[in-house]
Amino acid sequence: MHNHVADAVLQQYAFDPGGLNEVDSSHIRECSLCLNRAETYRSIFHGIRTQPAASFDFDLSKAVMSKLSGESEKSGWSPWATFLAFVAGILVLATPSYIYRKSLYLFIKVHATDMAGAISTTVIYLVLTGVLAISLFQGYDLLRKYQRKIKRLNYY
Amino acid sequence: MKDSSGNTFSDNDLVSRVLHGETNAFSQILKNTEALTAQIVFKMVSNAEDRRDIAQDIYLKAFKNLAGFRFESKLSTWIAQIAYRTCLNHLEKKRLVLPATGENENTEEILDKLSPRPASFALAGAESVVHTKNLKAILDKAIDNLPPVYRTLITLFHHEELSYEEVSSIAGLPVGTVKSYLFRARKLLRDFLEKNYKKEEL
């Protein structure tokens, strides 16, 4: 025998003998070399198919679920703690300002001229712009983190 | 999975329940898909400790990204994709050898002519051969000698009996490349068996 069939054809023969054309099929049937190779492929396919399935030697479900519960507990209080800290901060700043608002107003009124003289308007604007920009970025970042955590929290 | 009324929950139901806060439903998703995930992890990662960490990582990723599951494939296929990518990242970190990405065009031409998986896999002729006691051990050794990606693809196709399209989806490779890799993997197995064992042993 010469011009043995290609390996892809042998694989196909081993996989589905009916799927080949008659010329290749009859060659394989009559050629001992090709037939042996096809039989080896067939043994390989069957051997793989009948291999025992792999399985984890630990309780994967338990391990994953406990990790998810852990994350749930951690992320469960964090957004609220951040929110409460934010509110508390505002209260700490706003309450004295509100209580002593009259004194504060008088103080500013009396010293406004001196202050204005001491610090140029340009510097004040620059500082205010910087503070405002940083506050905006921080606020946006805080909001994104909060939304992300709330979204995850909702999954539990 | 069956609920109290004996109905089977679909992937859709399970995902929806998890996204609405029913965490226990994820445990069911995990149980439904664990077997396929284990096949991928075992074929790609040889170290038992790494397998343990990777398996957990896969499901934590799946949980965190579940809202992004678009039902374009089976849930098991989607999780298998995560498993495959996670293992692949692990292999790349460990700098383990991956098969070359180049394709043999001649092989491709022949493979294109291959018919899809037949409905019934004719094995009658192989039964007596396969029952040889040593074959499983020989084949195990041969498969262990394959590169991890080949090992995984051939297991998904021949053991899990997934279609070319499903294997392609899991591995993120074109169908033609999957066929090419499978061809090479089978050829390597045959070469290994023929070089290392006498025909009578097979």
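This briefing covers one helix of chain B, a helix contact between chains A and B, and the confidence of the model. The structure is a predicted model, and for the complex the predictor gives an ipTM of 0.74 together with a pTM of 0.66.

**Helix H4 of chain B**
- Helix H4 of chain B comprises the 19 residues 75–93, and because a rise of 1.5 Å a residue implies a span of 27 Å, the separation of 27 Å between its end C-alpha atoms agrees with expectation.
- The buried residues of H4(B) are B:Ser76, B:Trp78, B:Ile79, B:Ala80, B:Ile82, B:Ala83, B:Tyr84, B:Thr86, B:Cys87 and B:His90, and the elements covering them include helix H2 (24–44), helix H3 (48–64) and helix H9 (164–171) of chain B.

**Contact between the chains**
- Helix H3 of chain A (residues 32–49) and helix H8 of chain B (residues 148–159) have axes that come within 8 Å and cross at roughly 85°, which makes H3(A) roughly perpendicular to H8(B).
- On the H3(A) side the residues are A:Phe45, A:Ile48 and A:Arg49, and these meet B:Ile154, B:Thr155, B:His158 and B:His159 in H8(B).
- By character, the residues of this contact of H3(A) with H8(B) divide into 3 nonpolar, 3 polar and 1 charged.

**Confidence in chain B**
- The average pLDDT of chain B is 79, with 73% of the residues scoring at least 70.
- Over residues 1–7 of chain B the pLDDT stays under 50, and the model has 7 contacts beyond four places in sequence for this stretch.
- Residues 100–131 of chain B also have a pLDDT that stays under 50, and for them the model has 39 contacts beyond four places in sequence.

Conventions:
Residues are numbered from 1 along each chain as its sequence is written. Chains are lettered from A and ligands numbered from 1 in the order in which they are written. This is a predicted model: local features need pLDDT of at least 70, side-chain atom pairs count only at pLDDT 80 or more; totals for chains, interfaces and linings use all residues. Helices (H or I, at least four residues) and strands (E, at least two) are DSSP runs, numbered from the N terminus. The expected span of a helix is 1.5 Å times one less than its number of residues. A residue is buried if 20 or more other C-beta atoms lie within 10 Å of its own, exposed if 12 or fewer, and partly exposed in between; C-beta atoms are placed from the backbone. Two residues are in contact if their C-beta atoms, placed from the backbone, lie within 7 Å. Axes are lines fitted to C-alpha atoms, for helices over the stretch in contact, and angles run from 0 to 180 degrees between N-to-C directions. Angles under 35 degrees count as roughly parallel, over 145 as roughly antiparallel, 65 to 115 as roughly perpendicular and the rest as oblique. Ala, Val, Leu, Ile, Met, Phe, Trp, Tyr, Cys and Pro count as nonpolar, Asp, Glu, Lys and Arg as charged, and the others, Gly among them, as polar. pLDDT is the predictor's confidence in each residue, from 0 to 100.
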